[in-house]
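Grab a pencil and have the viewer open. Here are some short exercises on reading a protein model, each with its solution worked out in steps.

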Amino acid sequence: MAKKQHHEEHENHERWLVSYADFITLLFAFFVVMFASSQTDKSKARQVSEAVEKALKEGSSVSIPPAVAKVLGGTVDDKGQGNWERFVVERSSKLVEVRLDPDRKIFVESPVNPSCRVLDLRPISYLTKEGGLALVVDSTFASPVNFRPLEHGADVVIHSATKYLNGHHDVLSGVVLGTAPYIEEVRQKMVVWGQSPDPFACWLLERGLKTLDVRVARQNENARRIAEWCNARKEVRHVHYPGLEDHPDHEVARTFLDGFGGMLAIELVGGGRSAERFLRRLRLIKHAPSLGGVDSVVSEPRFTSHSHLSSEERAALGVPDGFLRVSVGIENVDDLIADIEQALK
Ligand SMILES: Cc1ncc(COP(=O)(O)O)c(C=O)c1O
């Protein structure tokens, strides 16, 4: 689906559609409003992308965050298919040659699950535009309230509507955003595959969207308070939250996000054993997968998203045993902190 033509069409069509048929009107209106409010940033974004382009032409480096380098690395592994284009990017201070297949896309998450790293999309979008690739961004962790990647060079944005958009842990759904040619491709596939939510799911989503803004504002604030509190505890080895000044992407997050989000991760001293004990003792916060809803939930990536990796592989990716992903809800934050405190003791 990633073709140069798509990027050219991007310039001409600023028409947005949402993929799930019964849900089109509502989300269309919702995101058009958000898009309109972003127009003032466009010329700034263009200046930045020109600066990145200039830097690359002059031979200086553009640093690619590790999470992206990994995606690029994965692409390089698929040798021998398609028309390869060559790019030179700097990764961890050494130059690597990255060959990209223009028929493919670069798919990133930002913020990244579960590390909560935040990507600067500008250098990546420069590479994808140069190579005629589509840049696809899963921005579920941020919700559109905190981050709108289409404003920063993404071609297609994906949200699991199961999470913040619905916000009540009772719907499975998704949203795809982009220009008309991309969405038409998605729509055609949906017609063939028969993917559309049932009317009750649409009703639930519509209900959830009405409170998205206030829910996310509360979740941002609750998460910040919890992250700061955990950061001062001896039982917690590390807190991953973009709102903390020592987070590696704090500056990126400050620049590009409108809120630091309701997602954070903590690493407990004592590893897996401590995590098991902590989860057993929680009373208010639930031990459950999923995220982004009104209830706070904690999950252990070693048994969910990262269960296919060994303990060493997970640790190398920054997800050691004892790492817990926390999705902060809208409860009273003092109650949440009290629950965490009694579970840590
Ligand atoms: C960033 C991100 N995107 C997508 C998903 C999957 O969402 P769904 O189950 O609604 O397809 C998850 C699940 O945790 C996620 O963390």
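The exercises below go from the overall picture down to single residues.

Ground rules: this is a predicted model, where local features need pLDDT of at least 70 and side-chain atom pairs count only at pLDDT 80 or more, while totals for chains, interfaces and linings use all residues. Residues are numbered from 1 along each chain as its sequence is written.

**Exercise 1. Work out which stretches call for caution.**

Step 1: Start with pLDDT, the predictor's confidence in each residue, from 0 to 100. The mean for the protein is 77, and 70% of its residues reach 70 or more.

Step 2: Look for the weak spots. Residues 1-42 have pLDDT below 50, and residues 59-99 stay under 50.

Step 3: Decide what to do with them. Where pLDDT is low, the predicted coordinates should not be read in detail.

**Exercise 2. Describe the overall make-up of the protein.**

Step 1: Count the DSSP runs, numbered from the N terminus, taking helices as H or I with at least four residues and strands as E with at least two. You get 13 helices and eleven strands.

Step 2: Check burial. A residue is buried if 20 or more other C-beta atoms (placed from the backbone) lie within 10 Å of its own, exposed if 12 or fewer, and partly exposed in between. Of the 345 residues, 41% count as buried.

Step 3: Turn to contacts, meaning pairs whose C-beta atoms, placed from the backbone, lie within 7 Å. Among contacts with a separation of 6 or more, 69% come from residues 24 or more positions apart.

**Exercise 3. List what surrounds the ligand and sort it by class.**

Step 1: Pick residues whose C-beta atom, placed from the backbone, lies within 6 Å of the ligand. That gives Glu-109, Asn-113, Asp-138, Thr-140, Phe-141, Ser-160, Thr-162, Leu-172, Gly-174 and Leu-291.

Step 2: Sort them, with Ala, Val, Leu, Ile, Met, Phe, Trp, Tyr, Cys and Pro as nonpolar, Asp, Glu, Lys and Arg as charged, and the others, Gly among them, as polar. The tally is three nonpolar, five polar and two charged.

**Exercise 4. Check the length of helix H7, then find its two sides.**

Step 1: The expected span is 1.5 Å times one less than the number of residues. For the 14 residues of H7 (residues 180-193) this is 20 Å, and the end C-alpha atoms are 20 Å apart, which agrees.

Step 2: Find the buried residues: Tyr-182, Ile-183 and Val-186. They sit on the same side of H7 because they cover an arc (of directions from the helix axis to the C-beta atoms) of only 90°.

Step 3: Flip to the other side, where Gln-188, Val-191 and Val-192 are exposed.

Step 4: See what follows H7: Gly-194, with a positive phi near 70°.

**Exercise 5. Place Gly-208 in its helix and name what it touches.**

Step 1: Gly-208 belongs to helix H8 (residues 199-209). It counts as buried because 22 other C-beta atoms lie within 10 Å.

Step 2: Add the other buried residues of H8, so the set reads Ala-201, Leu-205 and Gly-208. These fall within an arc of 60° down the axis, so they line one face of H8. The face turned away carries the exposed Pro-199 and Phe-200.

Step 3: Look for cover: helix H9 (212-231) is part of what covers the buried residues of H8.

Step 4: Skipping residues up to four places away in sequence, Gly-208 touches Leu-165, Asn-166, Gly-167 and His-168. Gly-167 is 41 residues away in sequence, yet 5.9 Å from Gly-208, C-alpha to C-alpha.

How values were computed
Contact = placed C-beta atoms within 7 Å.
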